[in-house]
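User: I am in my first year and would like to look closely at one part of this model. Please take me through it slowly, and explain each term when it comes up.

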Amino acid sequence: MKLLRSYLADFTSLLFPELCPACGESLVAAEDVICTDCRYNLPFTNFHLQPDNIVARQFWGKVDIEAAYSLYYFAKGGKVQNLMHHFKYSGMHRIGNILGSIAGDQLKQNDKFNTVDYIIPVPLHKSRLKQRGYNQSKCFAEGLAEKLQANVHDNNLVRVRATETQTHKSRFLRFENMQEVFKVMQPDELANKHVLLVDDIVTTGSTLEACSIELVKIPGLKLSIATIAYAE
Ligand SMILES: [Zn+2]
């Protein structure tokens with residue numbers, strides 16, 4: 001019976017193959033959401049091995065952080081863009097969990113990241129959350145948390161103000177736009193903890209910076225950053 005079921009599953013997948021959201025190739029039976037080739041060959045940044053990487057540098061002289069990491073380089077028209085597009089718009093939460101798990105496998109062996117206590121996804125404003133149904137950064141956080149044996153906290157840091165679209169603004173205006181957008185509701189909970197703040201894509205880092213400024217006000221808090229992708 002089991003054999004028949006797996007035969008039928010293979011047969012169904014011949015008729016309606018599930019596609020890898022990064023490269024678009026059909027998945028074979030043992031592959032889960034992302035194909036084996038993409039799992040090993042998407043453009044890893046390996047930022048966890050370079051303490052002075054380009055994302056960490058964005059925080060220099062602004063906010064004191066322990067470490068910064070991105071899983072992939074994002075390039076226009078590339079496989080990582082396809083992956084992020086599916087993750088964002090086709091409701092495939094599992095993509096986020098799997099990417100968190102891939103990132104977690106790299107970070108759990110790293111001295112900077114394996115001391116993380118809490119993982120906090122960059123929050124969406126309530127109206128945006130309602131519209132989208134879920135916060136994709138939380139899916140990534142959950143995959144990471146499992147590997148790092150940390151807990152996801154998604155109701156302490158909140159977005160108190162919705163922001164206009166950032167795309168056409170200068171760096172300074174973006175920063176102005178981000179002032180007083182985020183608030184920590186229960187700072188005591190995070191005192192003396194190592195917090196990993198996570199987001200989907202980092203470009204100029206202004207959103208992460210605005211969150212970080214609020215978090216590092218908490219006594220004894222150590223802060224690190226992780227994102228799925230880094231885009232220039
Ligand atoms: Zn693929």
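Which residues does Arg 159 touch, not counting residues up to four places away in sequence?

Analyst: This is a predicted model, in which local features need a pLDDT of at least 70 and side-chain atom pairs count only at pLDDT 80 or more, while totals for chains, interfaces and linings use all residues. Residues are numbered from 1 along each chain as its sequence is written, and side-chain values use heavy atoms, with hydrogens and water left out.

Leaving out residues up to four places away in sequence, Arg 159 touches Val 122, Pro 123, Leu 124, His 125, Val 181, Phe 182 and Thr 207, where contact means heavy atoms within 4.5 Å. Arg 159 itself sits in strand S4; strands (E, at least two residues) and helices (H or I, at least four) are DSSP runs, numbered from the N terminus. With a relative accessible area of 17%, Arg 159 is buried, a word used for values under 20%, whereas exposed means over 50% and partly exposed lies in between, judged with a 1.4 Å probe and protein chains only. One of the residues it touches, Pro 123, is 36 residues away in sequence, although the two C-alpha atoms are 5.8 Å apart in space.

Two of these contacts, Pro 123 and Leu 124, lead to the second largest pocket, because both are among the lining residues nearest its centre, together with Leu 129, Asn 135 and Asp 154. A pocket is found on a 1 Å grid over the protein atoms alone, as an open set of points with protein on both sides within 12 Å along at least five of seven lines, and its lining residues have an atom within 4 Å of a point; a cavity, by contrast, is a set of points where a 1.4 Å probe fits but cannot get out. The second largest pocket has 19 lining residues and holds about 330 Å³ of space, the volume being the space filled by probe spheres set on the points, which are joined across faces, edges and corners. Strand S2 (118-121), helix H6, helix H7 (136-148) and strand S4 (157-159) each contribute at least two residues to this lining.

Helix H6 covers residues 126-132 and includes Arg 132. Unlike the buried Arg 159, Arg 132 counts as partly exposed, at 23% relative accessibility. Its C-alpha atom is separated by 8.8 Å from that of Tyr 89, although these residues are 43 places apart along the chain.

Helix H7 can be followed in a similar way. Asn 97, which lies in helix H5 (residues 93-107), touches Cys 139, Glu 142 and Gly 143, again not counting residues up to four places away in sequence. Asn 97 is partly exposed, with a relative accessible area of 23%, and from C-alpha to C-alpha it is 8.7 Å from Lys 138, which is 41 residues away in sequence. Between H7 and strand S3 (151-152) there is a loop that holds Gln 149, a residue whose phi is near 50°, a positive value in a residue other than glycine. Gln 149 is exposed, with a relative accessible area of 75%.

Two other contacts of Arg 159 are worth following. Phe 182 is one of the residues touched by Arg 159, and strand S5 spans 182-184, with a loop between S5 and strand S6 (194-202) where Asn 192 is placed. The phi of Asn 192 is near 60°, which is positive in a residue other than glycine, and at 62% relative accessibility Asn 192 counts as exposed. Thr 207, also touched by Arg 159, is one of the buried residues of helix H9, a list that also includes Ser 206, Leu 208, Glu 209 and Ala 210. Nine of the ten residues of helix H9 (residues 206-215) are buried, so this helix is largely enclosed by the rest of the structure.

Finally, these details can be placed in the whole chain, which has nine helices and seven strands. Of its 232 residues, 46% count as buried. Among contacts between residues at least 6 apart in sequence, 74% join residues at least 24 apart, and the pair of Arg 159 and Pro 123, 36 residues apart in sequence, is one that you have already met.
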